[in-house]
Each structure stands twice: as C-alpha cells, then as structure tokens.
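Welcome, and please open the model in your viewer. Let's walk through it one selection at a time.

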Protein chains: 2
Amino acid sequence: MTLAAVKPIYWQVNTQVGDQVPDTREILMDTAERSIRLGGYNAVSFRELADALGIKSASVHYYFRKKEDLGVALVDRYSQRFFAVLEKRADGARTAEALLDAYCQTYRTALTSSDAICLCGMLGAETSGLPDAVSSAVRTFFRANLEWLVDAMPKGLDPAAKTARASHVLAALQGAMMLSHNMDDISVFDAAAEVVKAGL
Amino acid sequence: MTLAAVKPIYWQVNTQVGDQVPDTREILMDTAERSIRLGGYNAVSFRELADALGIKSASVHYYFRKKEDLGVALVDRYSQRFFAVLEKRADGARTAEALLDAYCQTYRTALTSSDAICLCGMLGAETSGLPDAVSSAVRTFFRANLEWLVDAMPKGLDPAAKTARASHVLAALQGAMMLSHNMDDISVFDAAAEVVKAGL
DNA sequence: CTTTGCCTATCTGGTGATAGGTAGGTCCTA
DNA sequence: TAGGACCTACCTATCACCAGATAGGCAAAG
C-alpha cells in the first residue's frame, strides 16, 4: 500500500562518528555525488547509479523515493562533511589569516581530492533548473559559508565590510574551482586563492 | 546523398554590423542560450527549442546538425558579443582602475540583463559532461578573458602578479554570478565586485 | 509476522538523430 | 523566355534509447 511509501526510510542521518557501515545507500550517494560534481544534476540517472552498484534502478528508488530526495540528501551530507573538515582544519587557528588559510585549503582539498568542483558550486550554477528543495539546500550551504567567513574576519572591520569580504572570498573560491577545473590547471585556483588571502 | 550532408550550411558567421535579419537560426540560438544559462547544457532539447519557435525538431537539426554544433556556435557568438561590449565599454579608459571597472560592469550587465549566469560560467562548471568541442570553446573564452585582464593590469606589476590577479578577477566574478543567482541577491555580486576593484 | 533489501516487469514520456519528401525560390543555359 | 539544376527552409515519420517512477513479489533477518 501507500503506507509503506509514506513512511520515510533511513531518515536518521548517520551522524555517529564510529560508523563503519559502507552500506548501499552510502555507496549510492558517493557515486551520485561524483557524477553531479562532474556533469551536473542531470548527469546522474537512477539507471546508471544502479548499474554502478550491480543492482536495479527500482532498488535505488527504495533508498531515495524521488531524485529530488537524493539531491537534498547529497547536499546535506556534503555540507556536514565540509564543515567538519573545515572546523578540524581551523582548530587552533587564532588569527584571521590562519582561519582564511584553513578555509582556502578546505576548498582546495575538495577540488584536488576528487578532481571535481564543489557539489554546491555545480548545483548553485544549475539553480534555476533544479527542484526547489535542492536549490534551497544549496542556498543554506552558502549562507552557512558566509556566516563562517564573517566570523573569521579580522575583528577590526565593520559589519558591512565583513559581509562584503565574505561574499568575495566565497565567490572567488567557487569561481576558481570552476575555472581551474575547466582549464585543467590547478595553478589557476592557487593564484586566485593567493590573491584572496593577500587581500586580508 | 552524403554530399549534401558534408557541405556545411550557414558556416559564415554573421559578423556584419548592419545585419537586421532576426532569422530562425538566430532565434534558435537566443532560446537555447537562455535555457543553458538557466539550467545547463542538458536543459535544452531540440524538441523544446522547436516548440518555442513553432517548428519541428527535425528543422532544428537543419540549422545545427548535432547538439554539439549548437553548443559551439553558442559559445562563439557569446564570446564575440562579450568582447564587443567590453571593448566599447573600455573604450577611452586609460587607467587600470577604469578598465577593471568596465570589465566588472560587463559581467554585471550579463547577469542582470538576462537574470541568468554567464553562458561560459555554466558550461565551465559542466565541463566534464560536455562534448570536447564545447568545453574547449569555453576554455578559449576564459583564456581570452585572462589575456584581456593581464593587459589591463597596472603597468608596474611583474608578469606573474598580473597573471595571478587576472585569474583572481575572473574567478571572483564568475563565482559571484553563480552565488548571487542562487541566493537571488544582486548585492552579493556587487559586494564581491567592490572588493575585487578595491584590490587594485 | 513484520521489516529490510532487493527483485521483475511495466508505464509514460522525453531524447538526439536520421531518412526522405516538398513547396517555393534563384540562377544558369539554350 | 523557358527549362532544368540546384538551394532553402521546412515537413512527416520513425528509430533506438533512456528518463523517472510505480506495482507487486520474495527471501532472509529480527
């Protein structure tokens, strides 16, 4: 019946740290994230996802009832992981310079470790063509980025300057990922990041 | 026969200024450009394009034999227009500040006049999922941007600094378009652009 | 005895692409 | 000035897939 369909499956996000289960759901998400980060939202299909795992597309629908649900789950997981890595890297950083450096490094790692741009950078570009739930999850990620950056700004600055600089940093790094990915040249990212950091 | 297929149709790009013919091909390109800039490469289909013009999808294939051809034509036209506008706007600008301002303004207009991000920003993000011809056309556009920016840098800077700053400016503006489009807030773009300009 | 994690089978509709046709126009030659 | 050759700008019809999604089943585990 529809009762089974209504009840959300797997709705508890695995926040537990000691979690070792690389279950089907997780592998599906890994595969989907990679595809989206390389080719965009429409580059993932339930069919291909299923093929990659050796299961059937209907089984993917078991884990994510609609594609939209997959998209939102992906952004949420990405955001969680991003800030977890960022906090670890920024841990102990006391100066604004050190915090900004940690931030840039986090983005750089995201770019180099998977040879693909930021999940939210990709989805952000595609905003108008996405289900609302997905694009607003992306917006939430960006807002969190801006808040983090504002807090990381030098104490002396007035709020307006902090906000402006935060927008600039995020924009520059997102753009740098895209650029350096398209041009297949990491030095483009590094150059942009250096200028960003030099700007205090 | 295949003879007719081999002969390229409409291969002369209309570079003439006094050209008033808003022919089918041009309208097709306008429609396709808008769709791509909003939803990405996969957001345009020959079917929808045809419907928008009241013709059949097969007729779209008459103008663009493959989708890839349409993509390349779009990027070429976009690049031509972008630099035409940029040159006009930068005409008479003598200082590096004025040139950079003209550059930022050109991007801002691209964003606001169509309420969509840069065609090449979108396609650049999707690079890995595009036909090679399309992504390399995009790369050419970016390279031309960087060259223009390097030339626009203050005379005093050494070449390496010019290159780095050029990458930064392009990255920041591209990222700012994406960000401000996703967050539906033009002030994000303006803030980023201000910081870019303030950085000399 | 229910839940979990998959399966088969199927539906509806969209995709790029091709083959082949046609009405109307231009242009060259006799 | 008439005929034929060729071009333009579409058309119809069809192909071979691929998309997301759903219904219903079934074996194993709790």
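A residue counts as near a strand if one of its heavy atoms lies within 4 Å of it. Keep that in mind as you explore this predicted model.

**First stop: DNA strand C.** Select the strand together with the 18 residues around it; those that come nearest are Lys56(A), Ser59(A), Tyr63(A), Phe46(B) and Arg47(B). Which element gives the largest share of this surface? It is α4(A), with four residues. By class, the surface near DNA strand C has eight nonpolar, five polar and five charged residues. Now look at the strand's own side: of its atoms within 4 Å of the protein, 62% belong to sugar or phosphate, and the rest to bases.

**Next, zoom in on the phosphates of DNA strand C.** Show Thr24(A), where an N or O atom of the side chain is 3.0 Å from a phosphate oxygen. Then try two backbone cases: a polar backbone atom of Val44(B) is 3.2 Å from a phosphate oxygen, and a backbone N or O atom of Lys67(B) lies 3.0 Å from one. To see the elements that give two or more residues to this surface, color α4 (57-63) of chain A along with α3 (46-53) and α4 (57-63) of chain B.

**Last stop: where chain A meets chain B.** Select the contact, which takes 38 residues from each of chain B and chain A. Together the chains bury about 3100 Å², 70% of it on carbon and sulfur atoms. Across this interface there are zero salt bridges, but seven residue pairs are in polar contact. On the side of chain B that touches chain A, highlight α9(B), which gives the most, with 14 residues. The residues on that side of chain B divide into 20 nonpolar, 14 polar and four charged.

Conventions:
Residues are numbered from 1 along each chain as its sequence is written. Chains are lettered from A and ligands numbered from 1 in the order in which they are written. This is a predicted model: local features need pLDDT of at least 70, side-chain atom pairs count only at pLDDT 80 or more; totals for chains, interfaces and linings use all residues. Side-chain values use heavy atoms; hydrogens and water are left out. A polar contact is a pair of N or O atoms within 3.5 Å; within protein, one must be able to donate a hydrogen and the other to accept it, and residues adjacent in sequence count only if both atoms are side-chain atoms. Ala, Val, Leu, Ile, Met, Phe, Trp, Tyr, Cys and Pro count as nonpolar, Asp, Glu, Lys and Arg as charged, and the others, Gly among them, as polar. Contact means heavy atoms within 4.5 Å. Buried area is the accessible area (1.4 Å probe) that two parts lose on being put together, summed over both. A salt bridge is a side-chain nitrogen of Lys or Arg within 4 Å of a carboxyl oxygen of Asp or Glu.
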